Amino acid sequence: MTMRRRDFLKVSAVAAIAAPALLRGATAADTVSLYDIEKFGNARILHITDTHAQLRPLLFREPSVNLGIGEMWGRPPHLVERAFLDRYGIRPDSAEAYAFTSFEFEKYAVRFGRMGGFAHLKTLVDKLRADAGDHRSVLLDGGDLWQGTGLANAMRGADMVSAANLLGIDAMTGHWEFTYGEQTLRANLARFKGEFLAQNVFLTEEAAFNDAKAFDPGSGRVFKPATIKEIGGARIAVIGQAFPYVPIAHPRRFTPDWTFGIREEELQKLVDGLRGADKVDAVILLSHNGMDVDLKLASRVTGIDVILGGHTHDAVPQPVAVSNAKGATLVTNAGSNGKFLAVLDLDVGKGRVADARYRLLPIYSELLKPDPAMQALIDQTQQPQVAAWSEKLATSDRLLYRRGNFEGATDDLICAALRRELDAEIALSPGFRWGPTLLANQSILLEDVLAQTAITYPETYVQRMTGAEIKDVLEDVCDNLFNADPYLQQGGDMVRTGGLSYRCAPAEPIGRRISDLTRDDGRPLDARKSYKVAGWASMNAQDGKPVWDVVANHLRDGQLVLVGTNKVTLSGVDGNPGFASQS
């Protein structure tokens, strides 16, 4: 039995007023009240996502450019700075403004400090679970847990499995986890005390024929698609939705026997079965689709009460209510890098959710005492690498950040290193959304470089490309970001360029978004001319130096000034609440 439309309207209205009332007017001194949540309902669902292996507190600047195009213009999650603050009733000088936006980030980073950290998160998780009472809570992770630091890359995610077990994660799904390859993935999951869920990962036809080890031979599913948790006397189904585009966004060699996809039809059959034969009272989708994809999915698949979303790193304080043919679904997204913990309290009756409360809690590390056991685990795990990775490479002469649709000073630095160290005219660097922020005059350690580059395919390359081929690459990535159909978006931001500026019109169709390509010497890019291009994170196997070595060598030589970086001029975005500043 799914949530009826009139029942859902009550749920969404309550959820819509909970976050602003909680956030309005809070400061660092009184934010502790954020964590004293009134007990409600009979089931508490805690949700984290996209922590990217960040075990210690960090600084992370939210985007000042997160454009919504077409139907998504002005809709969450495509709101930044003032527009975001106005939408959610957050005071500009508050701790919440600092947590959720990039508004005057450098000023408030000094005032409110670092966020996240697993030892601090553990303290809050334990408190919220204790407050809920015995057998009334579950902790879910939305993926991108095992990747994002040099330590996680060196240990192939094993460090994060240990941390996840101590934190008490009951179930998770995945994305970057797949880039360690099947053997490592399965070894880590053998140690993981929770469940790994992914309804949308299937064996290829050839693999299904040759391999009788599929979890569900009848359907070809590789992993358990869902689990049913008895929480507060209610039967709550949790379905896993892994990142749908793993073999497209990453080298196919990591998952040669598996196919992915949104798998909308299979998901609907699974939900119907859980609602029918399994007689569950509520259905939660633990998703790594990205928020725009989840919003469309919620309008098409019926019977899901709440989507706990990730992948696009959107910290959205309120759920978005999406109507569909048989009711409606709440869609959420819980930020990234360990900055937030989502709390979903449900009043679940027989076959239905009667009421709900949702809060996205910022993790202010200075307001939460670190859990001793988790802190000891982190210290012990990281100790072998502390000396080597604490090497000071340089001092930042500006704010180094990554997140933003088009530009980030961290990526400018990477591009500058690629051009100089590999003697290239132009550099291309992927628009990854993970990686901590460094303030001006802060030391840049080798550990910091690894936290921006640590992946399992880090090799650099140099190749000849014509101006036309470079433009095609930019058009292709831009279409992935701004395609009118969310199902054709893969998340991530625009590929970064070094030594090349251009104009972008995001609302135009593919082939017409990118124009005015110009070298940093002012000369137009010649479509027929060949240029020496450096890059990294290629879909094809490469044999160049790891990108972290290239960047580290660049910094050791004192080359921090970002000469000849890219400049992107946007067209057709005037008044867009997803655009504040690119500086």
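# A walk from the largest pocket outwards

Let's start at the largest pocket, where helix H16 gives the most to the lining, with five residues. Before we go on, please keep in mind that this is a predicted model.

How much space lies in that largest pocket? About 1,000 Å³. A short word on the idea behind such a value: rolling a probe the size of a water molecule over the atoms shows where empty space is left. Back in our structure, 36 residues line the largest pocket, and the ones nearest its centre are Ala249, Pro430, Val477, Ala537 and Met539. Now look at the elements that each give two or more residues to this lining: two of them are helices, H10 (246–249) and H16 (467–482), and the others are the strands E16 (426–431), E18 (460–466) and E19 (493–498). What kinds of residues make up the lining? There are 17 nonpolar ones, 14 polar ones and five charged ones.

Next, charged pairs. Side chains of opposite charge can pair when their charged atoms come close. How many salt bridges does the structure hold? The count is 36. I have picked a few to show you.

Please find Asp485 and Lys296, whose side chains meet in a salt bridge at 2.7 Å, N to O. Asp485 sits in the loop between H16 and E19, while Lys296 belongs to helix H12 (residues 291–300), so this pair ties together parts that are 189 residues apart in sequence. That is a nice one to trace on the screen. Asp485 itself is partly exposed, with a relative accessible area of 25%.

For the second pair, turn to Asp411 and Arg402, whose side chains form a salt bridge at 3.3 Å, N to O. Are these two residues buried or exposed? Both Asp411 and Arg402 are buried.

The third pair is Arg523 with Asp521, and here the closest N and O atoms are 2.6 Å apart. Arg523 counts as partly exposed at 47% relative accessibility, and Asp521 is partly exposed too, with a relative accessible area of 42%.

Salt bridges can also be linked up, and you can see that here: Asp314, Arg403, Arg433 and Asp493 are joined in a network of them.

Now for some helices. Which residues of helix H4 (residues 105–112) are buried? They are Phe105, Tyr108, Ala109 and Phe112. If you look down the axis of H4, these buried residues fall within an arc of 115°, so they line one face of the helix. What do they pack against? Their partner is helix H3 (95–100). Turn H4 around, and on the face pointing away from the buried side you will find the exposed residues Lys107 and Val110. Right after H4 comes Gly113, with a positive phi near 80°.

Compare that with helix H15 (residues 446–453), which is mostly covered, with seven of its eight residues buried. The buried residues of H15 are Leu446, Asp448, Val449, Leu450, Ala451, Gln452 and Thr453.

Let me finish with some details of the backbone, beginning in the loop between strand E1 (43–48) and helix H2 (81–88), where Pro77 is found. Which kind of peptide bond joins Pro76 and Pro77? A cis one, with omega about 10°. His52 has its place in the loop between E1 and H2 as well. Although His52 is not a glycine, its phi is positive, at about 50°. His52 is also buried, with a relative accessible area of 1%.

Then step into helix H2, where we find Glu81. Glu81 is another residue other than glycine with a positive phi, near 45°. With 14% relative accessibility, Glu81 counts as buried.

One last stop: Leu367, in the loop between strand E14 (352–362) and helix H13 (372–389). How far apart are Leu367 and Tyr35? In sequence they are 332 residues apart, and in space they are 10.0 Å apart, C-alpha to C-alpha. Leu367 counts as partly exposed, at 32% relative accessibility.

That is my tour, and thank you for listening!

Conventions:
Residues are numbered from 1 along each chain as its sequence is written. This is a predicted model: local features need pLDDT of at least 70, side-chain atom pairs count only at pLDDT 80 or more; totals for chains, interfaces and linings use all residues. Side-chain values use heavy atoms; hydrogens and water are left out. Buried means under 20% relative accessible area, exposed over 50%, partly exposed in between (1.4 Å probe, protein chains only). Helices (H or I, at least four residues) and strands (E, at least two) are DSSP runs, numbered from the N terminus. The arc is that of the directions from the helix axis to the C-beta atoms. Contact means heavy atoms within 4.5 Å. On a 1 Å grid over the protein atoms alone, a cavity is a set of points where a 1.4 Å probe fits but cannot get out, and a pocket is an open set with protein on both sides within 12 Å along at least five of seven lines; lining residues have an atom within 4 Å of a point. Grid points are joined across faces, edges and corners, and a volume is the space filled by probe spheres set on the points. Ala, Val, Leu, Ile, Met, Phe, Trp, Tyr, Cys and Pro count as nonpolar, Asp, Glu, Lys and Arg as charged, and the others, Gly among them, as polar. A salt bridge is a side-chain nitrogen of Lys or Arg within 4 Å of a carboxyl oxygen of Asp or Glu.
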